[in-house]
Every structure is written in C-alpha cells, then in structure tokens.
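Open the model in your viewer and show side chains as sticks. The tour goes from one selection to the next, with a short note on what to look for at each stop.

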Amino acid sequence: MGFAGLDVEAIRHLARQLEIQSREVDTATRELTNLIASTDWFGADSRRFLDQWNSTRVPQLKRVSGLLQEASQLAARGSAKQDQASRG
C-alpha cells in the first residue's frame with residue numbers, strides 16, 4: 001500500500017528551509033544595498049542604477065522574501081494540522 005497524506009517531519013523541514021531562505025534573501029538585500037551605496041560610482045548611470053535598485057529591485061526582493069515566508073507558514077500549518085489529525 002502506498003503512502004497517503006504527508007510526511008509531517010518532511011514538511012516541517014521544508015517550512016524551516018523556506019524560513020531560512022527568506023532570511024537569506026533579506027540579508028543579501030541589505031548587504032547588496034550597503035555595498036551599492038558605498039561603491040564609488042558617480043554620474044547619471046550611477047543615479048539611474050541606484051534609483052532602479054531602490055525603487056524596483058529592493059521591493060521585488062522583499063516580495064520574494066515575503067512569499068517564502070508565507071510558504072513557510074503554510075507548510076508549518078499543514079504539518080501541524082496533519083499532526084493533530086493523526087493524533088485523533
């Protein structure tokens with residue numbers, strides 16, 4: 001007979017990994033923003049790049065982080081529900 005339902009421990013592991021990846025995106029975003037701000041680059045191209053980074057790229061990265069966080073929470077809730085259902 002095949003497996004039915006979900007492997008609670010595997011889903012908990014997935015939830016933790018999604019959380020870790022969300023934090024890593026946040027950390028990379030902060031580090032890159034600091035690096036970009038401290039780079040000696042001047043002129044119109046620099047301003048355009050910095051404007052695009054701050055107005056477009058940082059919000060996109062924050063959105064990715066948020067989506068990973070949401071997926072982590074969804075997986076954690078799913079494993080908790082399965083665990084509760086298995087206990088009766």
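The stops below cover charged pairs and then an aromatic pair. Keep in mind throughout that this is a predicted model.

**Charged pairs**

How many salt bridges does a search of the whole structure find? The search returns three, and each gets its own stop.

Start with helix α1, residues 8–38, and select Glu9 and Arg12. Their side chains form a salt bridge, with N to O at 2.8 Å. The two residues are three apart in the helix, so about one helical turn separates them. Now colour by accessibility. Glu9 has 48% relative accessibility and is partly exposed. Arg12, at 26%, is also classed as partly exposed; the cut-off for buried is under 20%, so Arg12 does not count as buried.

Stay in helix α1 and select Glu19 and Arg23. Here the closest N and O atoms of the salt bridge are 3.0 Å apart. The spacing along the chain is four residues, about one turn of the helix. Arg23 is partly exposed, at 45% relative accessibility.

Move to helix α2, which spans residues 44–87, and select Asp45 and Arg48. This pair is a salt bridge with its closest N and O atoms 2.3 Å apart. Both residues belong to helix α2 and sit three residues apart, about one turn. Is each partner exposed or partly exposed? Asp45 is partly exposed, with a relative accessible area of 47%. Arg48 has 52% and is exposed, because the class of exposed residues begins over 50%.

**The aromatic pair**

Next, hide the charged side chains and show the aromatic rings. The count of aromatic pairs comes to one. The pair consists of Trp41 and Phe49, with ring centres 5.4 Å apart and planes at 50°. Why is this pair called tilted? Planes under 30 degrees apart would count as stacked and planes over 60 as edge-to-face, so the 50° between the rings of Trp41 and Phe49 makes the pair tilted.

Rotate the view to look at each ring from outside. Trp41 is partly exposed, with a relative accessible area of 40%. Phe49 has 35% relative accessibility and is likewise partly exposed.

To finish, select Asp45, Arg48, Trp41 and Phe49 together. This view holds the salt bridge between Asp45 and Arg48 along with the tilted ring pair of Trp41 and Phe49.

Note on methods:
Residues numbered from 1 in each chain as written. Predicted model: local features only at pLDDT ≥ 70, side-chain atom pairs only at ≥ 80, totals over all residues. Heavy atoms only, no water. Salt bridge = Lys/Arg side-chain N within 4 Å of Asp/Glu carboxyl O. Buried < 20%, exposed > 50% of the residue type's maximum accessible area, 1.4 Å probe, protein only. Phe/Tyr/Trp six-rings, centres within 6.5 Å; stacked < 30°, edge-to-face > 60°.
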